Each structure stands twice: as C-alpha cells, then as structure tokens.
Amino acid sequence: MTTRKLQYAIDYIHVLTFKDYIRDLIAPYFDYELLEYAIDNENTLNESARLIFKVEGFGLQFKKDGVAFVFEGDASLVKKSGNPVLEMFFKIFNDITRLKHYSRTTRHRMTLDAVRFTERSKTEELLYNNPFIKNPFGKLTEFASVLIFNYEGKEVKLQVGNYFEADIKKYDLTPLKTKFNQELFGQTGLMAQITVQEAISSGSFSKFKDLLNFSESTITKYLESTNNE
Amino acid sequence: MSEALMRIEKKGDISSQPSAKETPIIRSNNDSISIAVSTEQPEEIALHGETISPKGFNEKFSLNIFDTQIAKDSVFRLQEGNYIEPWKLVEDVSARLIDQYDEVVVLECLIDPEAKIYMETELEKSLFDGYQLQVGALFKVSKYSRKNENRFVVRANPLLVSITDFPKVDFDKKYDGNFFNPE
C-alpha cells in the first residue's frame, strides 16, 4: 500500500481573539516562492487562513479552533524531521499556542488514503476470502469493509475496499494534482482509508509522526491478516 | 470503494434490508469483534464500557486549495504555457551567524528542530549581501531544487527564526561539507 494523501489536524479550545493575530503569524512566510494564500471569513469570529504550497504538495489551514494540513505525495518526505513546509506548520501552531488567549490543545487526528495497484481479479479475492466478512450477495461492483475500534487510546476507523479510477474523485485523492498521484489514473487495486484520533495536551512533530506510523502499520496489519499484503 | 454495499447484520432488526446509506461496520475492542450495519451518522457507539465518538470521523477536512492569491510575484512562478519546471523548497533551516572571514560566513544551523541537532556550516558571503553580518544575527536559509539545479535563498526576517532555538554556546559537529550539497 502506498500512501497517497494525508490529512492531519490538531484541535484546540476556540481562541476568541484568533482573527486579531493570525495575519501577523503567517505574514513572515509571504516571501517564499510560489506560496498561495487565502483569508476566509474575513473580519469575523471565524476568520481563518490558508497557505498553499502546490509544488511541495501541501495545503495548510489555520482556524480559531484548530490547525490542519493536507499533504499529497511520498509519505517518506514527512516522516523525517526537517520537511520545510511541515516545519512552518508546526512553527505557526506553536506561535498560536503562545497567544494570550490560547487555552489548551485537545486532540489530533489524521485521515490517510492509501492505494495498492493490483489486477481486478485479485481485488475481488479479498472480498471472497476476507476472514472478517462473509459476503452472501455474490458478485459486487463495489465493496468495503469498515472497522471501528479503540486501541491504546486511539479511536480508529478503517475502511478497506476495491479501488477504481472513480475513487480519485470520490475521495478527492489528488487535490493538488501532483505528479506523484498521476499514476492513480487508469488503475485498479485495493484502497484503504484510515481515520485516527487521539486526545493530546500538546502537539508536536513527533506526535504527528507517531500517528502516521500507527496509521500505516494498522493498514498493513489488516492486509496481512487477510493475506493481501 | 463503497461503505454501503455489503450487509452483514443489522442491529435490532436483522430481517430488514439495509438502505443505501447503511454502512456495515466491524467493531473490534482488542479481544473481541462485533459486526453490525449502522446508519450513516451514529450518535455514539458503546463498546465494553468504552465510548467511541464518531464526531471526529465525521468532521471532514475541508481544505479548499482554490480561490487563492499569490503571496509574492516571482519570476520563478510557473505560468500557463511556461514549461520550466518550478523550484521546490526542499530545505529551510534556521541559522545563527557565529563567524565570518574572507568571503565566508559561518552559521550554526538547526537541522533537526525536534531532536535539537545543530550543525556548523559555511556559506558564501555574497548570499548575505544587504544584511548586517553581526555575530548572533538570525537567518533562514532555504534550498530550492529542480532537475540538475539547486538555488539558495537567505532571509533575514527575524520573525522566521526564534532566538530560543539557539540556546547553545558551543556546537555539536563541524560541518562536513555535505549538508547543503546534492548527494
């Protein structure tokens, strides 16, 4: 399975004065090449900011109740410390936590989409031989199994099913239209989407990395258990 | 992939057929697994004394990458019909000036903010034209790459670098010449 898209968010108690500070916090980065930005809900309680680094495959968002990013590309680029855009994300998050009216961090969450290319017939084998699911309905055009569970303080929702090109649009797999995800077109295979959330009192790169490793290993473990990895 | 096409069992009404919006769900709690079809937005799922709130699962990430403005007009911007490969930001390092001599500026670079790993590096003085070269001055050193090319940009905006990132007065390692060079 190859991770195709990664979404990560850190939530915190609403910062009521957020709109008074967010522009100051993101302004220093406007000197960076090719940065695109947007301010949403201007001059309201819900004012938020977006920074888009298309070439690097990142979209960042900063809101009064949380920060989030979407990354489309090779996951190995965000696993090691030093990714420049990820550093900006955590620097701005840390700046937010130092705001006068910042209360506390509540949780972080991740949604990860992964795809493995296989022949259609092999994908269907998963349906017919999946030890977790008995299918009494015969041949299906689409299917997925969904597992929801708690594990070591993490709440997990895992979906595994077949992959078709139509899933690119359905799951918005390539929002930044990166070169990395162009190979998704015209393929069939298996697709997994995992969402994990965990209560935390502070956010950091290492906690992000732990959640990413957990998400990827959970998908791998599931597929191994079905003899499909 | 569809969430709603296979029915295993419906809680409370096994005989009825699932609707198009019903989702087969397997729930596992370390040592047990249960299977059920739920409606699309369950309020709360209780499992062996634990509670799984689906709230977070249903809070969709809704990052819109459109309707944006360009922060900085740049000659490096990829225009429509322009087939030059854009530069990609591959490194962005906080640095503190610790020495300078001849045409060289010596920097203490924070290469791993999480692990607090620093390296000493030397850059050409010409990269710092227009900046005050005082010991202790803070810089951001960015490396951009594209096929067969690298480009360095030094920024002196103090808001990009935190002085608290540089508490040390000595240095871990002498720069070995590889950090800013292509492998």
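**Notebook: strands, helices and loops of chains A and B**

I began with a bridge partner: A:Gln7 is matched with A:Thr111 in strand 6 of chain A. The model I am reading is predicted. I then looked up the pairing around this position. Strand 1 of chain A (residues 2–12) and strand 6 (residues 105–117) of chain A are joined by 10 bridges in the antiparallel sense.

Strand 1 of chain A also pairs with strand 5 (residues 66–72) of chain A, again antiparallel, through 7 bridges. As an example from this second pairing I noted A:Ala9, whose bridge partner in strand 5 of chain A is A:Ala68. I checked how covered strand 1 of chain A is, and found 10 of its 11 residues buried.

**Confidence**

I looked up the confidence of chain A before going further. The mean pLDDT of chain A is 91, and 97% of the residues score at least 70. By element, helix 1 (residues 22–26) of chain A has the highest mean, 96, and helix 4 (residues 120–129) of chain A the lowest, 77.

**Strand 3 and the loop before it**

I next turned to A:Ser48, which belongs to strand 3 (residues 48–53) of chain A. Is A:Ser48 buried or exposed? Its relative accessible area is 4%, and because the cut-off for buried is under 20%, A:Ser48 counts as buried. Setting aside residues up to four places away in sequence, I listed its contacts as A:Ala38, A:Ile39, A:Asp40, A:Phe62 and A:Lys63.

The loop between strand 2 (36–40) and strand 3 of chain A holds A:Asn41. I recorded its phi as near 50°, a positive value in a residue other than glycine. A:Asn41 is partly exposed, at 47% relative accessibility.

I found a positive phi near 50° at A:Lys177 also, again in a residue other than glycine. A:Lys177 sits in the loop between helix 5 (166–170) and strand 9 (189–199) of chain A. With a relative accessible area of 61%, A:Lys177 is exposed.

**Helix 3 of chain A**

I then examined helix 3 of chain A, residues 84–97. Its 14 residues reach 20 Å from the first C-alpha to the last, close to the 20 Å expected at 1.5 Å a residue. At its N-terminal end I looked for a cap and found A:Asn83, with a side-chain oxygen 3.1 Å from the backbone nitrogen of A:Val85.

How many residues of helix 3 of chain A are buried? The count is 12 of 14, and the helix is mostly covered. Among the buried residues I noted A:Met88, A:Phe89, A:Phe90, A:Ile92 and A:Phe93, together with the charged A:Glu87, A:Lys91 and A:Asp95.

I followed A:Glu87, which lies in this helix. What does A:Glu87 contact beyond its neighbours within four places in sequence? The list is A:Gly82, B:Asp92 and B:Pro113, so two of the entries carry the letter of chain B. I also took the C-alpha separation of A:Glu87 and A:Leu60: it is 11 Å, for residues 27 apart along the chain.

**Helix 6 of chain A**

Helix 6 of chain A (residues 205–225) has 21 residues and reaches 30 Å between its first and last C-alpha, close to the 30 Å expected at 1.5 Å a residue. I listed buried residues in this helix, including A:Phe208, A:Leu211, A:Leu212, A:Ser215, A:Ile219, A:Tyr222 and A:Leu223. In an α-helix there are 3.6 residues a turn, so residues three or four places apart point the same way.

**Chain B**

Finally I went over chain B. It has 1 helix and 10 strands, and from the N terminus the elements read β-β-β-β-α-β-β-β-β-β-β. Of its 183 residues, 40% count as buried. Among the contacts in chain B with a separation of 6 or more, 43% are between residues 24 or more positions apart.

In which order do the 5 strands of the open sheet in chain B lie? I read the order as 8-7-6-9-10, with antiparallel pairing. Strand 8 (117–124) and strand 10 (149–155) of chain B are the edge strands, each pairing on one side only. The twist from one strand to the next averages 35°.

Within this chain I looked up the pairing of strand 6 (residues 88–101) with strand 9 (residues 138–146) of chain B, which is antiparallel and has 8 bridges. There B:Lys88 has B:Ser145, in strand 9 of chain B, as its bridge partner.

Key:
Residues numbered from 1 in each chain as written. Chains lettered and ligands numbered in written order. Predicted model: local features only at pLDDT ≥ 70, side-chain atom pairs only at ≥ 80, totals over all residues. Heavy atoms only, no water. Helix = DSSP H or I, 4+ residues; strand = E, 2+ residues; numbered from the N terminus. Expected span 1.5 Å × (residues − 1). Buried < 20%, exposed > 50% of the residue type's maximum accessible area, 1.4 Å probe, protein only. Polar contact = N/O pair within 3.5 Å; in protein donor to acceptor, adjacent residues only side chain to side chain. pLDDT = per-residue confidence, 0-100. Contact = heavy atoms within 4.5 Å. Pairing = 2+ DSSP bridges. Axes fitted to C-alpha atoms, helices over the stretch in contact; angles between N-to-C directions.
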